[in-house]
Amino acid sequence: MWKGAIGFGLVSVPVRLYAATQEHGLRLHQVHDKDGGRIHLKRTCEVCGEQVDYEHVAKGFQDDEGHTAVVTQDELAGLPLPSKKLIDVLAFVDADRIDPLQLSNGYYLAPESAAANKPYVLLRETLKQTERVAVTKIALRTRESLALLRVHGDLLTLHTMYWPDEVRDSGDLAPPSSVTVRPQELKMATSLMDTLSEEFDFEELEDEYEIALGELINAHLSDRPVPKKETAPAPDNVIDLMAALQASIDNAAGKTEEKAEKGPKKEATAGKSTRSTAKKSAAPQKRTAAKKTAADSSTAKGKKTAASTSKSTTAKSATAKSTTAKSTTAKTTKKTAARKTGRRAS
């Protein structure tokens with residue numbers, strides 16, 4: 001989609017640019033809901049009322065006073081643009097200096113010819129050994145953009161970037177510094193992260209919305225009943241953070257207190273199997289299983305709390321009995337000693 005060269009210093013690396021990503025999805029167009037007829041948008045001039053062909057469409061800018069400056073495609077193409085055929089390297093910086101918010105589209109860079117292989121590999125290996133990335137500029141579709149050049153496997157990749165002033169200031173969006181968390185909460189959150197990360201595989205991820213949309217379209221095309229999909233509502237508040245973390249861990253691991261008492265090892269294996277099966281099942285089944293697990297988790301917590309209270313009460317009762325027994329023994333010992341002293345005195 002682009003052919004040019006990477007230029008740093010006096011070194012030039014001829015390259016070709018290829019799109020590295022593609023968005024998938026079913027394309028929908030606008031239709032009349034009564035008869036399904038396509039709806040077409042026509043380019044009409046508001047001054048003369050005529051329909052305008054694309055070849056006669058120009059660019060315009062209107063100032064605050066209503067004056068319009070018309071700029072033609074030929075005028076835009078004639079503007080000086082040094083980075084039109086050149087990926088101009090501005091600097092080499094450490095990767096951690098790049099804000100991920102600035103990254104946009106990704107592209108593969110391949111050597112343009114056999115003669116470009118040597119300088120290409122030289123640049124790639126230098127970036128890899130120094131663990132740096134290159135900040136560059138490139139012009140795509142007549143628009144100059146900031147770009148990031150980095151190593152991806154055996155290839156160089158280019159990521160277009162937003163200019164620094166295009167990233168908005170976050171302002172006061174962050175929580176106040178007075179909000180803190182306890183070590184127990186951090187420990188529980190870490191445990192939840194570890195549980196969710198078990199056997200995670202990017203390749204198993206799928207677009208559930210697109211799947212549901214495909215089922216909906218197929219139902220319309222084959223005159224079958226439209227499948228109904230329910231989405232579990234998001235929690236509106238968090239009352240007990242520790243309880244919510246524990247419930248999340250139980251839900252993610254597929255464990256409950258009752259199953260853990262019967263067989264912890266078997267239950268751990270079953271939890272992994274449940275997560276693997278859940279990824280391949282339909283979305284409604286996932287939500288039903290999640291609701292059931294949450295309910296079991298809630299019940300288990302109630303039982304756990306009751307058991308804990310019962311144990312605490314029993315412990316207190318045992319302590320009280322032990323104290324009473326010690327007191328009685330002490331009194332008996334004193335009486336016996338007093339009697340022996342009386343006998344010796346007589």
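**Close-up views of helices H2 and H3**

**View 1. The buried side of helix H2.** Five residues of H2 are buried in this predicted model: Pro119, Tyr120, Leu123, Arg124 and Leu127. Their directions from the axis span an arc of only 135°, so they lie on the same side of H2. A residue is called buried here when its relative accessible area is under 20%, and exposed when that area is over 50%.

**View 2. The other side of helix H2 and its length.** Opposite the buried residues, Lys118, Leu122 and Gln129 are exposed. H2 runs from residue 117 to residue 130, which makes 14 residues. From the first C-alpha to the last, H2 reaches 20 Å, close to the 20 Å expected at 1.5 Å a residue.

**View 3. The residue after helix H2.** Glu131 follows H2. The phi of Glu131 is positive, near 55°.

**View 4. The length of helix H3.** Helix H3 covers residues 183–197, 15 residues in total. At 1.5 Å a residue these should span 21 Å, and the C-alpha atoms at the two ends are 21 Å apart, so the two values agree.

**View 5. The two faces of helix H3.** Which residues of H3 are buried? They are Glu185, Met188, Leu192 and Thr195. These residues cover an arc of only 85° around the axis, and therefore sit on the same side of H3. The face turned away from this buried side carries Pro183, Lys187 and Met193, which are exposed.

**View 6. The residue just after helix H3.** Glu199 comes just after H3 and takes a positive phi of about 55°.

Terms used. Residues numbered from 1 in each chain as written. Predicted model: local features only at pLDDT ≥ 70, side-chain atom pairs only at ≥ 80, totals over all residues. Heavy atoms only, no water. Helix = DSSP H or I, 4+ residues; strand = E, 2+ residues; numbered from the N terminus. Expected span 1.5 Å × (residues − 1). Buried < 20%, exposed > 50% of the residue type's maximum accessible area, 1.4 Å probe, protein only. Arc of directions from axis to C-beta.
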